[in-house]
Amino acid sequence: MRFLCPFILSSSSLAFVNAFVLSTPRHNHHNEISLVSSHLKKCKRVSSNRIFSVNGDGKETVTVGEEEIREVDAIPTRSSVTDPTAKKLKEELFSMASATKRGFSASRKEREQVRSIIYDLMKYNPTKEPAASYYTSTPNEPSGPSLSGKWTLIYTDAPDITSLDPSTSSLPSLLPSTAKLGRIGQECNPPFIKNVIEWEKPDWIPTSLPLVGTDSSSSTILQKVCCEASSSPTNPKIVNLKLVGLDLASGGTSSSSSSSSSKNSDSFLETIQEVGLLPTLLKQNPIELRGVITLPFGTFEILYLDEELRIIKTGQNYLAVNVRQKGTEEWF
């Protein structure tokens with residue numbers, strides 16, 4: 001079982017993608033996250049040793065340092081849209097996500113600081129049933145914020161994700177050292193959840209070579225791990241996953257004509273010249289691999305969900321913070 005089940009990747013599929021991937025120069029993800037939170041005032045937070053965990057009786061166990069442990073009443077749920085404390089915590093979280101480059105460059109102290117912020121913020125979670133759209137026995141379309149939609153990862157402390165970037169990871173990896181990780185996202189469309197990884201063209205491949213593409217915004221490869229997800233009203237924050245298959249698709253958008261005209265050989269060659277051979281083939285014929293059976297793929301707990309932000313914790317106690325894609329922000 002990999003560490004971060006909602007974002008798990010197959011080692012063999014990674015090798016396949018990176019053997020052929022033809023994509024864009026690396027995005028500046030630090031700036032990308034800064035754009036997400038550009039309207040937010042950057043705040044500083046004093047590092048805390050507090051660790052919170054909510055018990056089934058509505059109490060919170062608070063560990064101060066390594067010794068003192070006591071129980072306190074959990075703060076009632078309040079809307080993060082109006083509560084000033086929740087707004088400040090979100091500002092701090094966005095700032096830390098940007099400063100640590102999605103958590104990929106976070107120190108141990110910074111990871112502990114982010115975890116403290118998240119455990120504070122989860123007390124203001126405005127959504128009582130965040131997984132309602134994935135109920136199996138009694139499907140329910142939530143009236144408030146929904147898990148459904150497209151999400152972009154802005155922070156994680158899961159080793160199997162932070163190790164995907166060979167340029168920053170000190171952990172062993174099957175990926176070649178020249179592999180270039182792009183954005184990471186998740187598409188939640190009940191009953192499925194697809195974990196999306198964007199792969200970019202390595203720097204050493206010049207655009208002057210044939211079949212590699214000249215349009216840096218269109219030459220990306222998307223790897224999607226497809227899972228079947230389910231939840232229930234008895235555990236409205238828990239989502240169970242089963243592995244269904246793997247998808248490969250072309251990312252970005254091409255300025256070439258629509259698929260109807262791309263059947264013309266001239267247009268097909270123009271598209272290859274623009275985005276590269278593999279992205280062109282995947283754009284016209286995406287690959288969907290499905291197994292005969294589904295396999296258990298772990299669970300995750302939704303700690304916080306509002307209209308723009310989602311925070312989950314995996315069964316291995318790792319965290320992932322995502323922002324919702326809206327309109328022109330969509331990249332898959």
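How many disulfides does the count come to? The count comes to zero, with a disulfide taken as a pair of cysteine sulfur atoms within 2.5 Å. The legends below follow that result and the sheet.

This is a predicted model: local features need pLDDT of at least 70, side-chain atom pairs count only at pLDDT 80 or more, and totals for chains, interfaces and linings use all residues. Residues are numbered from 1 along each chain as its sequence is written, and side-chain values use heavy atoms, with hydrogens and water left out.

**View 1. Two cysteines, C226 and C227, without a bond.**
A disulfide is a covalent bond between the sulfur atoms of two cysteines. The closest cysteine sulfur to that of C226 lies in C227, 6.7 Å away, so the gap is too far for a bond. C226 is buried, at a relative accessible area of 1%. C227 is buried as well, at 0%. Buried means under 20% relative accessible area, exposed over 50%, and partly exposed in between (1.4 Å probe, protein chains only).

**View 2. The hairpin of β7 and β8.**
Strands of a sheet pair through backbone hydrogen bonds, either parallel or antiparallel. Strand β7 covers residues 220–232 and strand β8 covers residues 235–251. The two run antiparallel, joined by twelve bridges. Two residues make the hairpin link between β7 and β8. K224 has D247, in β8, as its bridge partner. Strands (E, at least two residues) and helices (H or I, at least four) are DSSP runs, numbered from the N terminus. Two strands pair if DSSP finds at least two bridges between them.

**View 3. From β8 across to β9.**
Strand β9 spans residues 287–305. Nine bridges join β8 to β9, and these strands run antiparallel. L243 has L295 of β9 as its bridge partner. K242 is partnered with P296, also in β9.

**View 4. The closed barrel and two helices on the sheet.**
Eight strands form a closed barrel in the order β4-β5-β6-β7-β8-β9-β10-β11, with antiparallel pairing. Neighbouring strands of this sheet are turned by 35 degrees against each other on average, direction ignored. Helix α3 (residues 84–99) packs on the sheet and touches β4 (149–156), β9, β10 (309–314) and β11 (319–324). Its direction makes about 70 degrees with that of β10. Helix α4 (residues 108–121) also packs there, touching β4, β9, β10 and β11. For helix α4, the angle with the direction of β10 is about 110 degrees. Contact means heavy atoms within 4.5 Å. Axes are lines fitted to C-alpha atoms, for helices over the stretch in contact, and angles run from 0 to 180 degrees between N-to-C directions.
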